[in-house]
Amino acid sequence: MDLEKPAREGSETRVDLRKRVPEPSAPPVREAAPEGCLAVAVRIPVRIVVLVLVVPVRMVWDALVVAGRFLNDVLFRPLGRALLWLGRAVFVWPFVGLWRYVVVPVAKALAWLGNVLLVVPLVWLYRYVLTPVGHAVVWVATWVARGVGAALGWVYAYLLTPAGRAVMWVLKGLGAVLAAVGVGVYTVVAWLARYLVVVPAVWLYTWVLAPVGRAIAWCGKGLVWLVSTVVTGIGTALHWIARILLVLPALALWRWVLAPVGRVLAVIGREVRDALGHAWRVAGYISLAVGRFLATLFRWIFVEPVRWVYRSVLTPVGHVVRDAVLRPAAEAARSVGRATRQALASARESVRQARADFRRMLFGEPAQPQPVDLGEPSGREARTLGRSTTALTKD
């Protein structure tokens, strides 16, 4: 009993731990929106009519797709490749050959000719004629500029500087006199302007213009308030007239006529859309079944007989023709080719030998190369590994 208690306690703790682990919550199921009687009444007839109308369209569409893929694989793609190759052969390759074998060599020749006739003479002229002349001109101009600068410096230091100082002293005196006269004139003009213009203008603004302006501003405020009151009353009246005559009838028309009709049309449009999708999918399955049936029928009527004829008749006949006719003919052609190549090789060797004999007969034997003496010992006079003597220490 004592031994069983820990086991029970352990099992209870495991059970408690399992109970404590939260289980993963299942994804919430999205409830379908409630449908009215109008949707249920419209759905079945619309789907039947749409299915009857869509099935031929889907079958024609699938037939056109299959025909288009067949034409693309059999006609359009090879034709496009042929036209691409023809375009390259007619337009691209001639221009490439013209560029590679005409324009580029001519351009290189013109560049070499221009380099020889223009660049090299101009470089020689610049290096051996213009550069020394330029250096000489710069040297002469430097010495001339130094002489002229020295002369101008002497004239500036001993003639222009004293004359300038005298002129500046005279101008300073005249400036001081003119400044004193200007200060007096400015003082008189400022006093006259203050008491003849500024003081009367300030009095006129303070006692005449300011009161008149305040009176005009007060009258303008009253006129604006009156006009705004009249405009506000007219606007309020027009607002209520437009609300009663236009807004409320339009709101009633929208709420009680257009909105219900729009909901009915929305339900009908949604059902038509769903019916079109459903009918298109069903028509796809029907078209697939019809296509598979026609493909199976075509295979059993045309493909399987052709395959049987190819396997049972044409393949054995082809093997017999290959083993009895083509292979012996190929062996005979290869033997003839080998014999022809051997005969041509022997003829070339004979011609080469005859040409060599004729050359020897006319010009004699060619001179043999003479060995060059490098000063190295040769033969038995060379140094040996077993003895300490060398060819240089021998008597």
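Helices here are DSSP runs of H or I with at least four residues, and strands are E runs of at least two. Keep in mind that this is a predicted model.

**Exercise 1.** Work out how much of residues 136–159 is helix and how much is strand, and how far apart the end C-alpha atoms lie.

*Solution.* Start with the record: UniProt, in an unreviewed entry, lists 136–159 among its "transmembrane region" features. Next, look at the model, where this span is 100% helix and 0% strand. Finally, take the end C-alpha atoms, which lie 34 Å apart.

Now try residues 282–302, another span that the UniProt entry labels "transmembrane region". This stretch also comes out as 100% helix and 0% strand, with 30 Å between its end C-alpha atoms.

**Exercise 2.** Decide whether Arg58 is buried or exposed, and find what it touches.

*Solution.* First, place the residue: Arg58 sits in helix α2, which covers residues 37–363. Second, check the area. Arg58 counts as buried because its relative accessible area is 16%, and the cut-off for buried is under 20%. Third, list the contacts, skipping residues up to four places away in sequence: Arg58 touches Trp280, Ala283, Gly284 and Ser287.

**Exercise 3.** Describe the largest pocket by its volume, its lining and the character of that lining.

*Solution.* The volume is about 260 Å³. Going round the lining, you meet Met59, Asp62, Ala63, Val65, Val66 and Arg69, plus Ser287, Val290, Gly291 and Leu294. Sort these residues and you get six nonpolar, two polar and two charged. Ser287 links back to the previous exercise: this pocket-lining residue is also one of the contacts of Arg58.

**Exercise 4.** Sum up the whole chain: its secondary structure, burial, contacts and surface.

*Solution.* Count elements to begin with: two helices and zero strands. Then burial: 5% of the 395 residues count as buried. For contacts, take those with a separation of 6 or more; 68% of them join residues 24 or more positions apart. Last comes the accessible surface, about 34900 Å², with 73% of it belonging to carbon and sulfur atoms.

Technical notes: Residues numbered from 1 in each chain as written. Predicted model: local features only at pLDDT ≥ 70, side-chain atom pairs only at ≥ 80, totals over all residues. Heavy atoms only, no water. 1 Å grid on protein atoms, 1.4 Å probe; cavity = no way out; pocket = protein on both sides within 12 Å on 5 of 7 lines; lining within 4 Å. Points joined across faces, edges and corners; volume = space filled by probe spheres on them. Nonpolar A, V, L, I, M, F, W, Y, C, P; charged D, E, K, R; others polar. UniProt positions renumbered as here; feature names shortened; annotations may be inferred. Buried < 20%, exposed > 50% of the residue type's maximum accessible area, 1.4 Å probe, protein only. Contact = heavy atoms within 4.5 Å. Areas by Shrake-Rupley, 256 points an atom, 1.4 Å probe, with all protein chains shown as cover.
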